[in-house]
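Please look at the sequence and the structure shown here. The dialogue below takes up strands, burial and aromatic rings.

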Amino acid sequence: MKSTNLIGSQVGYLLEIDRLKKSDKRIDEIIIGDIVKSEINTSTVISVDVHKEKEYTTYSLNNSKAFVTEEHPFKTTTGWKAINPVETFVKHGIESNVLEIGDVLITKEGTEELKSINRSSTTVNVVYNLRLDNELVYYADGFLVHNAKN
């Protein structure tokens, strides 16, 4: 496998930063004080965790560019789901079920049916976690995702 230094658990995520300006930022460009769109309203970034402990396998959803690690939870119409729910609980402290084809993901535009999950042939060596001031969720690449609790 080829290793690349992509932006990363949220590898390559674009986050909606300011609803008034309708601008997006890559997760590696997020700074303390940025405001991200949350599930109910907005949240302010209070810190950005950068993890470089290992090589991370990434996945794409619905034939997008690979942007997520296996443990990262997505909100669906039936609750939180991840590619690997055991790792989701270990790394994020979030109980979730297995993300499967046919699940309906919550997006900033409404919902989107999950039609494919593809494992990337490359790995990344940097992933990020945002710590927010109120909600523990935000929209990234248009999907509602949960950040780590700790």
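What follows is a conversation between a learner and a teacher.

Q: What kind of model is this, and how are residues numbered?
A: This is a predicted model, in which local features need pLDDT of at least 70 and side-chain atom pairs count only at pLDDT 80 or more, while totals for chains, interfaces and linings use all residues. Residues are numbered from 1 along each chain as its sequence is written, and side-chain values use heavy atoms, with hydrogens and water left out.

Q: How many bridges join strand S10 to strand S11?
A: Strands are DSSP runs of E, at least two residues, numbered from the N terminus, and two strands pair if DSSP finds at least two bridges between them. Here 4 bridges join S10 (residues 104–107) to S11 (residues 110–113), and the two run antiparallel. They form a hairpin with 2 residues between them.

Q: Is Ile106 buried or exposed?
A: Buried means under 20% relative accessible area, exposed over 50%, and partly exposed in between (1.4 Å probe, protein chains only). Ile106, in strand S10, is buried, with a relative accessible area of 18%.

Q: How is a pair of aromatic rings described?
A: The description uses the distance of the centres and the angle of the planes. Rings of Phe, Tyr and Trp (its six-membered ring) pair if their centres lie within 6.5 Å; planes under 30 degrees apart count as stacked, over 60 as edge-to-face and the rest as tilted. The structure holds 3 aromatic pairs. One of them, Phe67 and Phe143, is stacked, at 6.0 Å centre to centre with 5° between the planes. Phe74 and Phe143 form an edge-to-face pair, at 5.8 Å and 85°.
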